[in-house]
Amino acid sequence: MKLDEFLPEAPLLMGKMDELNAKLGLNSEEMLRKAAGDTGESPAFGIDYIVNTYIKNQIAFRKQLIQDLQTIAFQVEEIRGPLSHITGEVFRRGVTFEPTKPDPDKGESERLEKFMRDCNVFDQSFEEVLRQFHWDINTTDDGFLYLHKEYFHEEGGTLRSKTMELRRLNPALMEFDLNDEGLPKESHFLCPLHREEAKEKQGKCEAEDDCGLDMRPAMYKYSNRNQIHYLLDSEVIHVSKFAPTETYGWSPILTIFEKALTLIGMDRNLYRYFFERKMPSAMLMVSTDDPESLKQEREAIAAQTRSDPNYIPMVAVSSKTNRGRVDMVRLFHTLQEMDYLPVKEEIRERVAALWGVSPAWQGTPDAFGGLSTQTQQLMVMSRVVEADQRLFHEKVFPRILEAFGIEDWKLHLPHPEEKAEATRINFTSQRVQIAKILTELGFDVTLKQQDTSMDDVDFVVVDNNPDSSHG
């Protein structure tokens, strides 16, 4: 007797078991390999469930949130001022490129210089794009640079790319392409040559021209005119500064959100106080039994005052109940009474301190309390600028040079001139001071090289009496 005659449902059950094992990745060959100790893999974790749930819930409001943060950054002077100072200092001496070896390729430098003058279809310079990118990092804590590439499929099956332009993408329109487990590069796959439709499973491209390329996983998705464009990780440069995580950063404006709204309310209140002013500043309340006589007297006083500004009026108030009085009710408070200026100055310093901008850089006269205080503030600001420049040197410039295939040159943001000059003077002063001390101890101290600049001053020390014992 055959098995299918004894158990006619057995083949169907075996087929379902094989299908289930295939879906779970438990096929017999793989089980045998793992049993033999060939391969093994630890579990891969995505973003925490709580964080992933929060991102999915907030993604519908992300566009409006980022737009509100950008509006606040441009509208509030206490935020826009410090950010403009930082960006201005980071790029104050421009973006330069330097050779990395003695005999660099001149063709690469010409290609790089042409790209720095015009790097996209809007004729933006390289520095202009980086300034926008740097502004996004300091406002939303998410900066996105898009490397627009053109792909070539060679006959041997090799896929090559050529970077056409560099664009800054609005953070409000950028999202990470995450699956339900919080993992990137697992939701959609696309062919670099045929990007019209992204697939949910990895495999070969099924386009009509049969390119046969492997589908690549998407890392980002960009919303443009109600269309979703999936982008590869090699096409986007993402940088966070304040709170870098696996995905999005955390905008510093959210930390001082109430303070920013307070500043907006204070400016509006000041505007209405001095410009609109639709109600009187005060009101006189007179207790009298004869209001008509008071009105006539008031009109007579006004007429007399118009003819003689030095006229001193006298008002008689009658009261039969012996309780007559005149009260003045203030409808507006002065700026001193509201403590307006100290409060605004305190909020200004708190907001600027979040970005590391000292009061000296905001034109505050009280900030210049002395030479040591001013020097310390300049040092703090210089460190902030250096930290921002480091982001470009480590995370942005290497990716851009790699995309353009440039190996003999490197991009560089020079340090602010104030710090560099102070450092050179400090080093020279220390050398001169050491030379002076050695001369007093009896050593011969001479210049190592004549006719040299102040930055390269160096000394040679010679002992006059070798038998003597100096310390």
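**Close-up 1. An open antiparallel sheet of three strands.** In this predicted model, three strands are arranged in the order S3-S2-S9 as an open sheet with antiparallel pairing. Strand S3 (159-169) and strand S9 (236-239) occupy the edges, and because each has a single partner strand, one side of each is left without a neighbour in the sheet. From one strand to the next, the twist averages 20 degrees. Strand S2 (residues 143-153) runs antiparallel to S3 and is joined to S3 by ten bridges, and within this part of the sheet Leu145 stands opposite Arg168 in S3.

**Close-up 2. A nonpolar surface patch that includes Tyr49.** Tyr49, Ile50 and Val51 make a nonpolar patch of about 380 Å² on the surface. Tyr49 belongs to helix H4 (residues 49-75), and its relative accessible area of 69% places Tyr49 among the exposed residues, for which the cut-off is over 50%.

**Close-up 3. The aromatic pair of Phe176 and Tyr248.** The structure holds eleven aromatic pairs, and one of them joins Phe176 and Tyr248, whose ring centres are 5.1 Å apart and whose planes stand at 90 degrees, so that the pair is edge-to-face. Because Phe176 lies in strand S4 (residues 174-176) and Tyr248 in the loop between S9 and helix H8 (252-255), the pair ties together parts that are 72 residues apart in sequence. Both Phe176 and Tyr248 are buried.

**Close-up 4. The aromatic pair of Phe392 and Phe397.** The rings of Phe392 and Phe397 form a tilted aromatic pair, with 6.0 Å from centre to centre and 40 degrees between the planes. Phe392 is buried, at a relative accessible area of 1%, and Phe397, at 2% relative accessibility, also counts as buried. Phe392 and Phe397 belong to one aromatic cluster together with Phe91, Phe115, Phe126, Phe133 and Phe404.

Terms used:
Residues numbered from 1 in each chain as written. Predicted model: local features only at pLDDT ≥ 70, side-chain atom pairs only at ≥ 80, totals over all residues. Heavy atoms only, no water. Pairing = 2+ DSSP bridges. Helix = DSSP H or I, 4+ residues; strand = E, 2+ residues; numbered from the N terminus. Axes fitted to C-alpha atoms, helices over the stretch in contact; angles between N-to-C directions. Patch = residues over 30% accessible without salt bridge, like charges linked within 9 Å, V, L, I, M, F, W, Y side chains within 5 Å. Areas by Shrake-Rupley, 256 points an atom, 1.4 Å probe, with all protein chains shown as cover. Salt bridge = Lys/Arg side-chain N within 4 Å of Asp/Glu carboxyl O. Buried < 20%, exposed > 50% of the residue type's maximum accessible area, 1.4 Å probe, protein only. Phe/Tyr/Trp six-rings, centres within 6.5 Å; stacked < 30°, edge-to-face > 60°.
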